[in-house]
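Me: I would like to go through some labels on a protein model. For each one, tell me what backs it.

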Amino acid sequence: MDATTGKLNLKREVGLISAVCLIIGTMIGSGIFMSPEWVLRYIGSPGASLLIWAACGLVCMVAAFSYVELGTVIKESGGEYIYILRNFGPVPAFLFSWTSVFVARPAGIAAISLSLAQYIAAPFYEACPPPPAVVKCTAAATILIIAIINGLNVKLATRIQNIFTFAKVLSLLVIVTGGLVLIFMGHTRSFQNAFQGTMGGIESVGIAFQQGLWSYDGWNNLNYLTEEIKHPEVNLPRALLISLPLVTLLYILVNVSYLAAMSPAEMMTSGAVAVTWGNKVLGSWAWFIPLSVVLSTFGSVNGSFFTGGRSCYVAAREGSMPDILSMAHVHRLTPLPALMFTAFIALIMLIPGDFGSIVNYFSFTAWIFYSLTFAALVYMKIKKPHLHRPFKVPMLIPVFMLIISVSLVVVPLIGNPQIEYLFVILFILSGLLIYFPLIHFKLCTGSMAQVTMLLQLLLDVAPTQANLD
């Protein structure tokens, strides 16, 4: 607690190892077990698919450099929200929090939870697919368990994240090792004429890129908890420089392993690439792959939930969300109301959603606001050159990433227009109908104050302030 203001701070309890595990553990989810078939399907050839995976990793690494500069100049939690707020003002920042808190973050958590639930329920329904109700109930139970873990203690959440990260890296190393053994045994047919059949159109490359980037999502999550990182000016760049090259290398080698065990045609019709690989390579040990997916996705949900709660919490602290969401538990020092709210929205997302539609919503909205974030860094470099920068990147990097992120928004709209994209844009703009009456003109503040006081007593939470020490 701050002695001057009497407000709580979230403690700096995330060290370098936990920071690395948070990034790796959030990035490696269900995507690497599911997306390879879709990347190959859209790009057409094994060689081009490997290039897509490498390019996705490179783009995320370049993007991460921009985020390191932002995170070491603006030393507040909140990720994209706080960077947009400090540079472009409250309106675009609110639209980000409106979209992130009500669509993007809960949708990502719901999508990964559904994927996890599919693998948990599958062994109990060998003769047929698990009923949708069973899958959704299992996903809901996962979200509730992770909400309880994150609400209890920050150290407990990070320790669980560390354990599951080590387990999922080990499982990917098993796949990589199996693939290398197959290659040494002469299984290289998929790599002969590796670029034959490549579809090089802008639409194909753009959609394949988007599918690959889904598996890399989470590279920016550390910036959501800058105030909880020990020595962020040192550990933020170190964590990103360790985790992103490691994940990129693992993803490329895992795809090589898949291609060593399967032909491109088999991969594109697999439905579950990792499971098919396990059946072909591991034999009676094939159960190891579904177990790996469960461990991987659980860790990814935990990491996404950990950072998603912080996004909601910081937005509320800055006035973009109800005050109650900016408060922390007086004893546990966790942003309990924000975590509960994130869990509630994610549970609602489970009712109508399926994996494919949720991925489309999430990817599209994410890159809209990544564009604004890179634009914020360009703006800072031009308009605020006097700011102290412990880590500085050339202007070319944020400009390049701004072009890439805008392209990833525009290409699906032109190449594969769908009504969902219109709904997303309308939803983002509908935030203005909330912002002006409730945030700008502060209508209904009297009734909200009474509700806030009631919930504050019920949840045993208190106001907080930024931890900039």
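Reply: Surface patches come up below, then two backbone angles; the model is a predicted one.

Me: What makes the nonpolar surface patch?

Reply: Val406, Val410, Leu413, Ile414, Ile425 and Leu429 make it, over about 480 Å². Helices α15 (396-415) and α16 (419-440) each supply at least two of its residues. The largest share, four residues, comes from α15.

Me: Why is valine 410 called partly exposed?

Reply: Valine 410 sits in α15. Its relative accessibility is 36%. Buried means under 20% and exposed means over 50%. The value lies in between, so valine 410 is partly exposed.

Me: Which residues gather in the patch of positive charge?

Reply: Lys11, Lys155, Arg159 and Lys230 do, on the surface. Lys and Arg count as positive, so the label fits these residues.

Me: How do you know that lysine 11 is partly exposed?

Reply: Lysine 11 belongs to the segment before α1 (16-27). Its relative accessible area is 47%. Exposed needs over 50%, buried under 20%; therefore lysine 11 is partly exposed.

Me: What is the phi of histidine 231, and why is this residue called exposed?

Reply: Phi is positive, about 50°, although histidine 231 is not a glycine. Most residues other than glycine have a negative phi. Histidine 231 lies in the loop between α8 (202-216) and α9 (232-261). Its relative accessibility is 55%, over the 50% cut-off, so it counts as exposed.

Me: Why does aspartate 460 count as partly exposed?

Reply: Its relative accessibility is 32%, between the 20% and 50% limits, so the label holds. Aspartate 460 is in the loop between α17 (445-459) and β2 (461-462). It is not a glycine, yet its phi is positive, about 60°.

Definitions and conventions. Residues numbered from 1 in each chain as written. Predicted model: local features only at pLDDT ≥ 70, side-chain atom pairs only at ≥ 80, totals over all residues. Heavy atoms only, no water. Patch = residues over 30% accessible without salt bridge, like charges linked within 9 Å, V, L, I, M, F, W, Y side chains within 5 Å. Areas by Shrake-Rupley, 256 points an atom, 1.4 Å probe, with all protein chains shown as cover. Salt bridge = Lys/Arg side-chain N within 4 Å of Asp/Glu carboxyl O. Buried < 20%, exposed > 50% of the residue type's maximum accessible area, 1.4 Å probe, protein only. Charge placed at Lys NZ, Arg CZ, Asp CG, Glu CD.
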